[in-house]
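Q: Please take a close look at the loops and their backbone. After that, set the other computed features beside them.

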Amino acid sequence: MNKKEIILWGVGTSRTIRPIWVAEELGLSYKVKPIGPRTGETQTDAFTKINPKQKVPLLQDGDFCISESPAICRYLINQYGLAENITAPACAQEKAREDEWLSFIYGELDETSLYVIRRHEALAAIYGEAPNAITAAKSYFQKHISVAENRLKDRKFLIQNKFGVADIFLTTCLIWAEGSQIELSNILTEYLSNMTERSGYKRARIKNNQKL
Ligand SMILES: N[C@@H](CCC(=O)N[C@@H](CS)C(=O)NCC(=O)O)C(=O)O
C-alpha cells in the first residue's frame with residue numbers, strides 16, 4: 001500500500017461519519033472504502049487482517065491502522081490538525097477537558113443510551129426485544145443530555161468556544177437521538193442546526209450515506 005495513502009473504512013452509521021467529518025474539516029486527501037456493518041464486508045479475511053474486531057470505522061494511514069471512532073478522530077487531528085481547521089488541545093487541562101467530554105458522550109450517550117436503543121429496536125432480530133431497556137435507555141439519555149444542554153446555554157461549542165472533536169461526537173449523538181424519536185430541547189436543536197450547517201458536515205454526510 002502507498003505509504004502516504006489515508007483510507008477510511010466504513011460508511012452508513014453514526015460512528016463511521018465521525019472520522020469522515022474530521023477528515024473533511026481538516027481538508028485531507030483521503031479515500032473512503034464504503035463497507036457497511038452486517039453486510040459481511042467486515043468479516044472478510046482481508047478486512048479481518050487489518051481489523052480483527054471486524055468493525056467499522058477503521059483508519060489506515062500508510063502502514064498504520066487504528067480502530068475506535070474517538071481514537072481515529074483524535075489521531076487525525078493530532079497528526080494533521082492546523083490552526084486554521086482543528087487543533088489538538090494545547091495543554092494538559094484542555095486535553096483533560098476534551099477527554100472528559102468525549103468519555104461522557106461516548107460512554108453515557110452513545111454506548112449506554114443510543115446503542116442500547118438501537119440493539120433492541122432496529123437490531124431486535126439479532127439482540128432481542130427489550131421494551132423496558134429501551135424506555136430506561138431513553139430516560140437515561142434525557143437525564144445525561146441535560147448536562148450538555150446546560151453547557152450550551154451560553155456558548156456555541158462544547159469546549160473553549162471553538163469547534164472540535166467533542167462537537168462532532170455530540171452532534172452525531174443528537175442526530176442519532178432524533179432518529180430514535182427522542183425529543184431535543186430548543187437549545188440542543190439550535191446547536192444541532194449550527195453544526196449541520198457546516199460545509200464539512202454536509203460533505204461528510206454525503207460520503208457516509210453513499211450506500212444507504
Ligand atoms: N466502539 C466502536 C464501535 C464500532 C462498531 O460497533 N461498529 C459497528 C457499526 S456502528 C460495526 O462495524 N459492526 C460490525 C458488523 O456488524 O458487521 C467505535 O466507536 O468505533
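A: Helices here are DSSP runs of H or I with at least four residues, strands are runs of E with at least two, and both are numbered from the N terminus. The model is a predicted one.

Start with the loop between helix 7 (165–179) and helix 8 (186–196), where Gln181 is found. Gln181 is not a glycine, yet its phi is positive, at about 60 degrees. Its relative accessible area is 63%. Exposed means over 50%, so Gln181 is exposed.

A positive phi also occurs at Glu68, a residue other than glycine, where the value is near 80 degrees. Glu68 is found in the loop that runs between strand 4 (64–67) and helix 3 (69–80). With a relative accessible area of 38%, Glu68 is partly exposed; that class lies between the 20% limit for buried and the 50% limit for exposed.

Another loop has a cis peptide bond, which joins Val56 and Pro57 with omega at about 5 degrees. Pro57 is found between helix 2 (45–50) and strand 3 (58–61).

Helix 7, which bounds the loop of Gln181, also takes part in the lining of a cavity. The structure holds 1 cavity of 30 Å³ or more, and the largest cavity has about 110 Å³ of space. Helix 4 (92–120) and helix 7 are the elements that give two or more residues to the lining of the largest cavity. Among the lining residues are Thr87, Ala88, Pro89, Glu94 and Glu98. Ile159, Gln160, Lys162, Phe163, Gly164, Val165 and Ala166 line the largest cavity too. By class, this lining has 6 nonpolar, 3 polar and 3 charged residues.

One helix position remains to be set beside the loops. His144 lies in helix 6 (residues 131–151). Its relative accessible area is 13%, and buried means under 20%, so His144 is buried. Apart from neighbours within four places in sequence, His144 is in contact with Phe104, Glu108 and Leu109.

To return to the loops: Gln181 is exposed and Glu68 is partly exposed, and each has a positive phi, of about 60 degrees for Gln181 and near 80 degrees for Glu68. His144, in helix 6, is buried.

Note on methods. Residues numbered from 1 in each chain as written. Predicted model: local features only at pLDDT ≥ 70, side-chain atom pairs only at ≥ 80, totals over all residues. Heavy atoms only, no water. Buried < 20%, exposed > 50% of the residue type's maximum accessible area, 1.4 Å probe, protein only. Contact = heavy atoms within 4.5 Å. 1 Å grid on protein atoms, 1.4 Å probe; cavity = no way out; pocket = protein on both sides within 12 Å on 5 of 7 lines; lining within 4 Å. Points joined across faces, edges and corners; volume = space filled by probe spheres on them. Nonpolar A, V, L, I, M, F, W, Y, C, P; charged D, E, K, R; others polar.
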